[in-house]
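Student: Could you take me through one spot of this predicted model up close? I'd like to start from a single side-chain contact and work outwards from there.

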Amino acid sequence: MGSSSKEDTASDGDTSSRETPSPDSSLFSEGERVLAYHGPRIYEAKVQKAELRKKEWRYYVHYLGWNKNWDEWVGADRLLKHTEENLMKQQALQKKQGVDKSSKSGRSAHSKQKDAKVDKDDLKSNVAKGKKRKSDSGVEKDNLSLERLIKIQIPSALKKQLVDDWEFVTQQDQLVKLPRSPNVDEILTKYIQYRTKKDGLMVDTVAEIMRGIRLYFDKALPAMLLYKKEREQYHDVVIDNVSPSTIYGAEHLLRLFVKLPELLAYVNIEDETLTRMQQKLTDFLKWLQKNQSTYFLSTYDGSSVSDDNAKGKDD
């Protein structure tokens with residue numbers, strides 16, 4: 001569940017205080033071809049928009065050869081000039097990551113290697129987001145085997161929660177009021193405490209998996225867990241490098257579990273380890289269902305989207 005679309009608007013909800021950019025102060029210009037960091041790799045991209053937000057330049061980039069759903073706002077620290085020197089840096093990173101350099105486009109080569117033949121450290125650090133990418137035609141470039149997809153059984157009550165969540169946001173123009181309490185960090189910590197108390201000892205494996213879930217959530221939320229109507233809200237609340245897991249709650253965490261089989265399929269983990277992980281994730285969801293009334297909202301806030309509509313803003 002959750003929209004896979006990227007930024008669809010340029011507004012961050014604070015147009016009144018936004019400074020007017022100086023035409024000479026931006027490092028990159030609209031329409032400029034650049035190289036962009038995405039995880040540990042560098043891809044060819046094009047700057048679509050450039051805006052000065054809260055005294056910092058932000059750039060809306062399109063990754064060349066990829067569906068616009070992957071377009072995103074990035075800071076200048078994620079971009080490089082399209083020079084021979086930086087192209088060599090791109091190739092060096094590809095070689096280090098074990099990516100086939102037969103194609104000039106790093107993103108094309110990236111797809112041929114199934115996005116993420118990453119090691120277990122990449123799972124822990126989540127620097128490789130492990131997302132399935134699509135070409136501009138919308139056709140998946142890789143041939144991911146369904147056999148690699150782990151099965152995460154989402155309890156029926158939580159499936160209904162996902163449907164209600166979709167209904168609130170997309171049909172009723174209501175948003176989850178943020179920040180949430182308990183937030184994702186607190187929910188994961190409570191689960192670790194629950195397992196520790198139940199098993200009578202510190203469960204290192206569970207704690208490690210929960211840390212991984214937190215990292216995946218922080219990276220996946222802006223990329224694939226938000227509906228279009230939630231983008232404005234995201235830019236209003238996730239500022240100053242704050243972690244989304246300290247702002248969002250169970251509603252958005254549950255959306256991650258719909259995407260997890262696809263994300264984990266790109267990580268180079270032994271089948272036995274994946275099976276154990278599947279069991280622990282299923283157990284977490286069962287626990288989440290038991291505490292559904294505690295962690296999930298029964299109603300959403302209808303004011304945010306309505307206010308935006310009244311101002312004539314896009315959702």
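Tutor: Start with the side chain of His252, which makes a polar contact with the side chain of Glu230 at 3.0 Å. His252 sits in helix H8, and its relative accessibility is 0%, so it counts as buried. Bear in mind that this is a predicted model. If you skip the neighbours within four places in sequence, the residues in contact with His252 are Val176, Phe217, Leu221, Leu225, Leu226 and Glu230.

Now widen the view to the core. H8 (250-264) is among the elements that give two or more residues to the largest nonpolar core, together with helix H4 (156-171), helix H5 (184-199), helix H6 (204-225) and helix H9 (271-290). That core has 52 residues, and the members touching the most others are Ile213, Leu253, Leu256, Leu281 and Phe284. H6 supplies the largest share of this core, eleven residues. Pick out Phe284 next: again leaving aside neighbours within four places in sequence, Phe284 is in contact with Ile187, Leu188, Tyr191, Met210, Leu253 and Phe257. 

Go back along the chain from H8 and you get to the loop between helix H7 (231-237) and H8, which is where Ile247 is placed. Ile247 has a relative accessibility of 11%, so it counts as buried. Its contacts, beyond the neighbours within four places in sequence, are Leu178, Pro179, Arg180, Asn183, Val237 and Val242. Asp185 is 62 residues away from Ile247 in sequence, yet their C-alpha atoms are 8.9 Å apart. Another residue in the loop between H7 and H8 is Asn241, and here the picture is quite different in one respect: Asn241 is exposed, with a relative accessible area of 82%. Asn241 also has a positive phi of about 60°, although it is not a glycine. Most residues other than glycine have a negative phi, and most peptide bonds are trans.

That second point is worth holding on to, given what Ile247 touches. Pro179, one of its contacts, is in the loop between H4 and H5, and the peptide bond from Leu178 to Pro179 is cis, with omega near 0°. Pro182 is found in the loop between H4 and H5 too, and a cis peptide bond, omega about 0°, joins Ser181 and Pro182.

Now for the other core. Apart from the one we began with lies a core of 16 residues, among them Ala36, Ala45, Trp57 and Tyr59. The strands to look at here are S1, S2 and S3. Strand S1 (residues 33-38) is joined to S2 by six bridges, and the two run antiparallel. S2 also pairs with strand S3 (residues 56-63), in the antiparallel sense, over eight bridges. To place yourself in the ladders, note that His38 stands opposite Arg41 in S2, while Val47 has Val61 in S3 as its bridge partner. Ten of the 13 residues of strand S2 (residues 41-53) are buried, so S2 is largely enclosed by the rest of the structure.

Glu44 is a good residue to stop at in strand S2. With a relative accessible area of 5%, Glu44 is buried, and its side chain makes a polar contact with the side chain of Arg33 at 2.5 Å.

Check the turns as well. The hairpin of S1 and S2 has two residues between the strands, and Gly39 there takes a positive phi near 70°. The hairpin of S2 and S3 has two residues between the strands as well, with Lys54 taking a positive phi near 50°. Lys54 is not a glycine, and with a relative accessible area of 52% it is exposed.

One more helix is worth a look. Helix H1 (residues 84-96) has 13 residues and spans 18 Å from its first C-alpha to its last, close to the 18 Å expected at 1.5 Å a residue. Its buried residues include Asn86, Leu87, Gln90, Leu93 and Gln94. They cover an arc of only 120° around the axis, which puts them on the same side of H1. On the face turned away from that buried side you'll find the exposed residues Glu84, Glu85, Met88, Lys95 and Lys96.

To set all this in the whole chain: the secondary structure comes to eleven helices and five strands. Of the chain's 315 residues, 51% count as buried. Among contacts with a separation of 6 or more, 72% are between residues 24 or more positions apart.

Key. Residues are numbered from 1 along each chain as its sequence is written. This is a predicted model: local features need pLDDT of at least 70, side-chain atom pairs count only at pLDDT 80 or more; totals for chains, interfaces and linings use all residues. Side-chain values use heavy atoms; hydrogens and water are left out. A nonpolar core is a set of buried Ala, Val, Leu, Ile, Met, Phe, Trp, Tyr and Cys residues joined through side-chain atoms within 4.5 Å. Buried means under 20% relative accessible area, exposed over 50%, partly exposed in between (1.4 Å probe, protein chains only). Helices (H or I, at least four residues) and strands (E, at least two) are DSSP runs, numbered from the N terminus. Contact means heavy atoms within 4.5 Å. Two strands pair if DSSP finds at least two bridges between them. A polar contact is a pair of N or O atoms within 3.5 Å; within protein, one must be able to donate a hydrogen and the other to accept it, and residues adjacent in sequence count only if both atoms are side-chain atoms. The expected span of a helix is 1.5 Å times one less than its number of residues. The arc is that of the directions from the helix axis to the C-beta atoms.
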